[in-house]
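Visitor: Got a minute to go through this one with me? I'd like to start with a single residue and then zoom out.
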Amino acid sequence: MNKWTELSVEYANQRSYLDDLFQVYPTIPDGIREINNEIWNNVEKAFNKKDNYLLIQELLRLDLFPIKDSYVAYLKRDNTSIDRNPKTINRICGRLYEMGLDKIFERCSEPKETNRQIGPMFRDWLRNKSLGVIPVGIDEFVANNDDAVLDGGDNLMMQFAKDELNYNHPKGLDFVARFNGKYVIGEAKFLTDFGGHQNAQFADAINTIEAPNVKAEKIAILDGVLYIKGNNKMYKSITETYKNYNIMSSLVLREYLYQL
């Protein structure tokens with residue numbers, strides 16, 4: 001098994017892994033969503049008058065529609081479809097009336113899902129000088145050969161890696177750095193569970209490592225359930241199929257970088 005993967009597994013199983021990981025991914029749900037007062041007043045009026053079309057139109061103006069329904073996204077993207085599909089509108093409104101205004105407000109003001117907040121957290125952690133250096137913009141990054149972490153969005157990092165490191169994979173990057181004169185690129189993921197979307201996230205990180213002919217060290221900065229020992233697919237993948245890949249927790253990343 002790769003040394004850094006092994007260290008990550010040991011960390012996750014023998015130390016206060018989750019407590020320490022909270023420094024990287026402080027997944028505290030946001031407060032309730034702000035509801036526009038004007039829109040909500042219109043919602044109340046439409047609800048009380050049983051004006052189905054106005055009720056749907058106003059609720060679609062909010063960030064979060066109060067019920068999950070496969071047809072809502074279509075209505076939101078094509079407002080003209082509201083007038084043309086009365087049976088669909090009546091069906092959805094029937095559910096809304098059953099819920100009542102209090103429940104509708106509660107649903108519309110729910111916090112964002114935690115997994116939608118995770119993306120920027122890794123970069124925020126980097127900006128706290130967690131790796132011993134403060135990330136810098138592209139101009140400062142290319143100005144010398146000092147140890148540095150590039151601060152920028154996915155596209156900026158991908159463009160730099162394409163122009164300078166022969167990175168031609170069509171996937172953005174979460175991490176571009178230079179330590180001891182060696183460039184390092186990678187993706188960072190917090191895999192909160194097994195299956196579905198999380199498997200796709202894992203596959204994305206692996207695909208980045210497998211990008212050919214890149215003039216840099218390629219790593220996958222992965223955290224979460226993949227380090228739980230057992231017969232789960234992710235653990236078997238990192239300890240067998242991809243045992244020679246640089247897969248590691250963000251909590252051992254600093255040690256990896258300074259030994260390059």
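Visitor: Which helix is phenylalanine 105 found in?
Guide: Helix H8, which covers residues 101-108. Keep in mind that this is a predicted model.
Visitor: OK. Is phenylalanine 105 buried, partly exposed or exposed?
Guide: Phenylalanine 105 is partly exposed, because its relative accessible area is 32%, and that label runs from 20% to 50%.
Visitor: What is phenylalanine 105 in contact with, leaving aside neighbours within four places in sequence?
Guide: Ile35 and Trp40.
Visitor: And how far is phenylalanine 105 from proline 86 in space?
Guide: The two are 24 Å apart, C-alpha to C-alpha, with their positions 19 residues apart in sequence.
Visitor: Let's zoom out. How many helices and strands does the protein chain have?
Guide: There are 15 helices and 5 strands.
Visitor: Is the chain compact or spread out?
Guide: It is more spread out than a compact globule, because the radius of gyration is 23 Å and the globule rule gives 18 Å for 260 residues. Along its principal axes, the C-alpha trace spans about 70 × 45 × 30 Å.
Visitor: What share of the residues count as buried?
Guide: Of the 260 residues, 45% do.
Visitor: And what about contacts with a separation of 6 or more?
Guide: Residues 24 or more positions apart account for 67% of those.
Visitor: Last topic, charge. How many positive and negative side chains are there?
Guide: The chain has 33 positive and 37 negative ones, and the centres of the two sets lie 4 Å apart.
Visitor: How much accessible surface is there?
Guide: About 14200 Å², with 45% of that belonging to carbon and sulfur atoms.

Definitions and conventions: Residues are numbered from 1 along each chain as its sequence is written. This is a predicted model: local features need pLDDT of at least 70, side-chain atom pairs count only at pLDDT 80 or more; totals for chains, interfaces and linings use all residues. Side-chain values use heavy atoms; hydrogens and water are left out. Helices (H or I, at least four residues) and strands (E, at least two) are DSSP runs, numbered from the N terminus. Buried means under 20% relative accessible area, exposed over 50%, partly exposed in between (1.4 Å probe, protein chains only). Contact means heavy atoms within 4.5 Å. The radius of gyration is taken over C-alpha atoms; the globule rule is 2.2 Å times the number of residues to the power 0.38. Accessible areas come from the Shrake-Rupley method with a 1.4 Å probe; for residues, only the protein chains shown count as cover. Lys and Arg count as positive and Asp and Glu as negative; His and the chain ends are not counted. The place of a charge is taken as NZ of Lys, CZ of Arg, CG of Asp or CD of Glu.
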